[in-house]
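Me: Before we discuss the labels attached to this model, please put it on display, and then I will ask what each label rests on.

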Amino acid sequence: MQILLPERSLTPLSDDQHHLLQQFIAVLSPEQAAWVGGYLTGLIANNLISVPSTDDIIDITILVGSQTGNSEALSEQMHSLAAGRGLKTVIKKMGDYKLLQLKAEKNLLVIVSTYGEGEPPDNARELVEYLFSKRAPSLKQMQFAVLGLGDSGYEFFCKTGVDFDRRLEELGATRIHPRVDCDVDYESSAEAWMNAVLNELSIRLETKPQTADLSLSSLASTSAYSRKHPFPALLLENIVLNGRGSLKETHHLELSLEGSGLTYEPGDVLGVYPTNAPDVIDALLQTLHFDGTERITLDNKESFLYDALFSHYEATAITRPMMQKYALLANNRKLDQLLHDRHKLNDYLHGREIIDLVADFPSDQLSAQAFVDCLRKLPPRLYSIASSLKQHPDEVHITVAAVRYPSHGRDRKGVGSTFLADRIGEDATIPVYIDRNTNFKLPADPSTPIIMIGPGTGIAPFRAFVEEREAVGASGKSWLFFGDQHFETDFLYQAEWLRYLKSGVLTRMNVAFSRDRQQKIYVQHLMAEHGKELYAWLQEGAHLYVCGDEKRMAHDVHQALLRIVASEIGSDNAQDYVANLQKAKRYQRDVY
Ligand SMILES: Cc1cc2nc3c(=O)[nH]c(=O)nc-3n(C[C@H](O)[C@H](O)[C@H](O)COP(=O)(O)OP(=O)(O)OC[C@H]3O[C@@H](n4cnc5c(N)ncnc54)[C@H](O)[C@@H]3O)c2cc1C
Ligand SMILES: Cc1cc2nc3c(=O)[nH]c(=O)nc-3n(C[C@H](O)[C@H](O)[C@H](O)COP(=O)(O)O)c2cc1C
């Protein structure tokens with residue numbers, strides 16, 4: 001049925017609910033739609049769906065700061081959990097949040113991730129700056145609780161959550177419940193935090209729970225496949241995009257989503273659950289003097305050590321908490337000293353894996369169970385979706401750079417990328433889910449110009465963007481910046497871009513091949529070279545997107561953008577101009 005829902009903000013629905021409803025309506029016949037309408041009305045009339053009463057407590061704000069959507073998904077879940085207890089909450093994204101509103105918040109539940117090297121997500125920066133500025137108000141009226149999302153593989157684990165928690169207290173707010181810092185397997189700790197916070201709030205606000213504790217899994221079960229219940233996707237195609245002689249190995253993979261009911265939009269990300277490489281596990285077992293047949297308990301069930309290491313545990317990357325737990329078993333003075341010297345520890349961690357740790361600091365009488373108890377769960381790997389569903393129904397495409405490098409005398413390989421590149425046989429399935437990324441989306445108006453900057457695998461979402469714009473017949477101009485090492489071997493999806501340029505779907509393309517000439521040239525140099533036109537596009541309302549390497553590229557591109565704007569309106573105004581672009585969601589980044 002061709003019916004368009006009103007904009008999300010004009011409905012009482014969450015982003016996900018709005019999205020689901022839109023998709024649902026699209027497949028209904030008029031008779032089916034009429035039946036569904038009557039059915040829902042009947043449920044409400046019979047009190048089978050509770051209608052919030054005007055007495056509901058509405059003074060709870062869930063304030064969410066998210067880059068890739070995990071915190072956003074949790075905020076939606078918390079919203080539903082709260083509703084089950086008669087607590088009405090409103091979700092506000094940090095990027096849209098009115099700073100002056102902070103003074104009026106009575107109950108503030110913060111869910112926020114950490115990015116870069118201990119930095120806030122892009123859309124949380126302004127709020128964090130305000131909170132830590134002299135302008136920050138007294139928050140004595142406020143009760144709060146903070147859930148931090150992060151990855152203990154990073155030095156500054158959950159730092160933004162830590163900063164919020166400390167600062168809100170400094171400003172006079174009262175903590176409802178202690179902060180929880182979630183690692184990559186955040187589901188159960190997030191769920192425990194939510195239930196504890198909501199219990200406490202129910203008591204303080206004297207609401208009567210409408211249902212008992214709800215679990216995230218019971219909520220997640222409304223959709224068949226999710227991060228918790230991944231879909232086994234059949235591999236359809238695995239092609240190396242680089243030409244012979246390239247130093248790069250970039251794979252284009254096509255997977256089938258048929259029968260999954262999973263959908264996605266350009267800008268969304270595919271989550272993949274990999275397994276470890278068998279030869280890596282064999283080498284680790286050998287170093288530990290285990291043979292893999294040792295029995296361990298995993299999730300209350302018995303398992304062979306080999307199987308657990310192969311598919312359940314992170315068996316390569318060292319995290320600081322892992323190292324600390326292992327140090328208690330190893331009882332080694334040098335290891336203890338290392339853990340207390342930040343610089344030496346960072347040096348040690350560079351290029352080393354768990355196999356090096358157990359070889360360098362062996363632990364006598366280590367049991368298999370004690371060893372796995374030091375490890376964390378193998379986290380899923382994320383890949384920007386490189387296809388539009390409109391052009392490839394029931395399929396999802398990704399662009400994966402195989403991570404392989406030598407270090408400290410061993411050949412290393414990235415778990416997820418080489419799982420996808422090397423270890424999936426014909427007819428094999430891969431456990432996947434869709435990670436919605438509301439912070440990296442095409443403009444709603446297809447006539448809006450777009451500028452896309454995506455060197456290396458950063459090109460992936462722009463293939464999806466351009467496919468989508470072609471499918472909907474978008475009239476807006478589009479400009480793509482791409483870069484890699486060599487024109488001859490590394491021009492990813494070259495034939496497709498040439499076709500789009502010819503047909504006019506892509507208006508402009510500028511490419512930087514860094515190793516084709518003496519002086520290295522990168523996308524940021526091309527931006528500078530065409531700075532005047534780029535600024536003119538921005539003045540016409542263009543949206544600017546950056547995808548790819550976070551450490552160097554995204555930073556250099558940001559600086560280039562600031563310089564381009566500064567040369568037009570002066571450096572004093574350039575910061576504000578770019579910050580406003582970000583705030584208006586016209587400058588979005590998907591960087592990793
Ligand atoms: C939102 C998002 C989107 C992404 N999209 C894409 C995408 O489209 N395509 C893509 O290929 N990747 C993408 N990634 C990255 C991807 O998720 C994985 O991080 C990447 O594939 C590496 O994972 P791995 O399991 O192969 O490597 P891991 O086993 O996780 O190992 C990677 C680690 O190895 C170490 N390392 C790597 N190289 C070296 C070296 N030369 N010297 C020393 N140490 C080194 C580093 O510590 C690094 O963190 C994305 C990430 C995010 C968060
Ligand atoms: C490029 C990049 C940098 C990151 N930096 C940190 C960090 O410094 N500290 C941390 O605890 N987590 C870090 N993380 C992990 C994220 O915080 C974690 O994946 C979180 O679940 C993301 O939540 P979100 O999707 O709501 O943004 C980083 C992740 C990426 C991709």
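**What the labels rest on**

Reply: The protein has 22 helices and 21 strands, and what we are looking at is a predicted model. The C-alpha atoms fill a box of roughly 65 × 60 × 55 Å along the principal axes, and buried residues account for 38% of the 592 residues.

Me: How do you know whether the radius of gyration agrees with that of a compact globule?

Reply: For 592 residues, a compact globule would have a radius of gyration near 25 Å, and the protein has 25 Å, so the value agrees with the rule. As for contacts between residues at least 6 apart in sequence, 76% of them join residues at least 24 apart.

Me: Why is M553 called buried or exposed?

Reply: The label depends on a count, because a residue is buried if 20 or more other C-beta atoms lie within 10 Å of its own. M553 has 22 such atoms within 10 Å and is therefore buried. This residue lies in helix 21, and, not counting residues up to four places away in sequence, M553 touches P455 and G548. Between M553 and E117 there are 15 Å in space, C-alpha to C-alpha, although they are 436 residues apart in sequence.

Me: Why is A136 given a label of its own, and which one is it?

Reply: Its count falls between the two cut-offs, because 20 or more would make a residue buried and 12 or fewer would make it exposed. With 17 C-beta neighbours inside 10 Å, A136 therefore counts as partly exposed. A136 is placed in the loop between helix 4 (125-131) and strand 4 (143-149), where its contacts, leaving aside neighbours within four places in sequence, are Y130, L131 and L171. Its C-alpha atom is separated by 37 Å from that of G454, and the two residues are 318 apart along the chain.

Me: What makes the phi of N300 and of N331 worth a remark?

Reply: Most residues other than glycine have a negative phi. N300, which is not a glycine, has a positive phi of about 65 degrees, and N331, also not a glycine, has a positive phi of about 50 degrees. N300 belongs to the loop between strand 10 (295-298) and strand 11 (301-304), while N331 belongs to the loop between helix 10 (320-330) and helix 11 (333-339).

Me: How do you know whether N300 and N331 are buried or exposed?

Reply: The cut-off for an exposed residue is 12 or fewer C-beta neighbours. N300 has 5 inside 10 Å and so counts as exposed; N331 has 11 inside 10 Å and so counts as exposed.

Me: What makes helix 15 a mostly covered element?

Reply: Seven of the eight residues in helix 15 (residues 415-422) are buried, namely V415, G416, S417, T418, F419, L420 and A421. These buried residues pack against several strands, among them strand 8 (250-256), strand 9 (269-272) and strand 12 (381-384).

Me: Which residues come nearest to ligand 1, and which elements contribute to its shell?

Reply: Of the 23 residues around ligand 1, the nearest are Y405, G414, G416, S417 and Y592. Strand 12, strand 13, strand 14 and helix 15 each give two or more residues to this shell, and the largest share, four residues, comes from strand 12. By class, the shell around ligand 1 comprises 11 nonpolar, 10 polar and two charged residues.

Me: What surrounds ligand 2?

Reply: Ligand 2 is surrounded by 23 residues, the closest being S66, N70, S71, S113 and G150. That shell holds eight nonpolar, 11 polar and four charged residues.

Me: Why is the largest nonpolar core said to lie between domains?

Reply: The largest nonpolar core has 70 residues, and those with the most contacts inside it include L270, I398 and V557. Helix 21 (residues 550-569) gives the most to this core, with seven residues. Domain 3 (231-275 + 379-434) and domain 5 (450-591) both give residues to this core, and therefore it lies between them. L270, leaving aside neighbours within four places in sequence, is in contact with Y383, I385, V396, I398, V432 and I434. A second, separate core has 43 residues, including I62, V110, L139 and M194.

Key: Residues are numbered from 1 along each chain as its sequence is written. Chains are lettered from A and ligands numbered from 1 in the order in which they are written. This is a predicted model: local features need pLDDT of at least 70, side-chain atom pairs count only at pLDDT 80 or more; totals for chains, interfaces and linings use all residues. The radius of gyration is taken over C-alpha atoms; the globule rule is 2.2 Å times the number of residues to the power 0.38. Two residues are in contact if their C-beta atoms, placed from the backbone, lie within 7 Å. A residue is near a molecule or strand if its C-beta atom, placed from the backbone, lies within 6 Å of it. Ala, Val, Leu, Ile, Met, Phe, Trp, Tyr, Cys and Pro count as nonpolar, Asp, Glu, Lys and Arg as charged, and the others, Gly among them, as polar. A nonpolar core is a set of buried Ala, Val, Leu, Ile, Met, Phe, Trp, Tyr and Cys residues joined through C-beta atoms within 7 Å. Domain bounds come from an automatic or database domain assignment.
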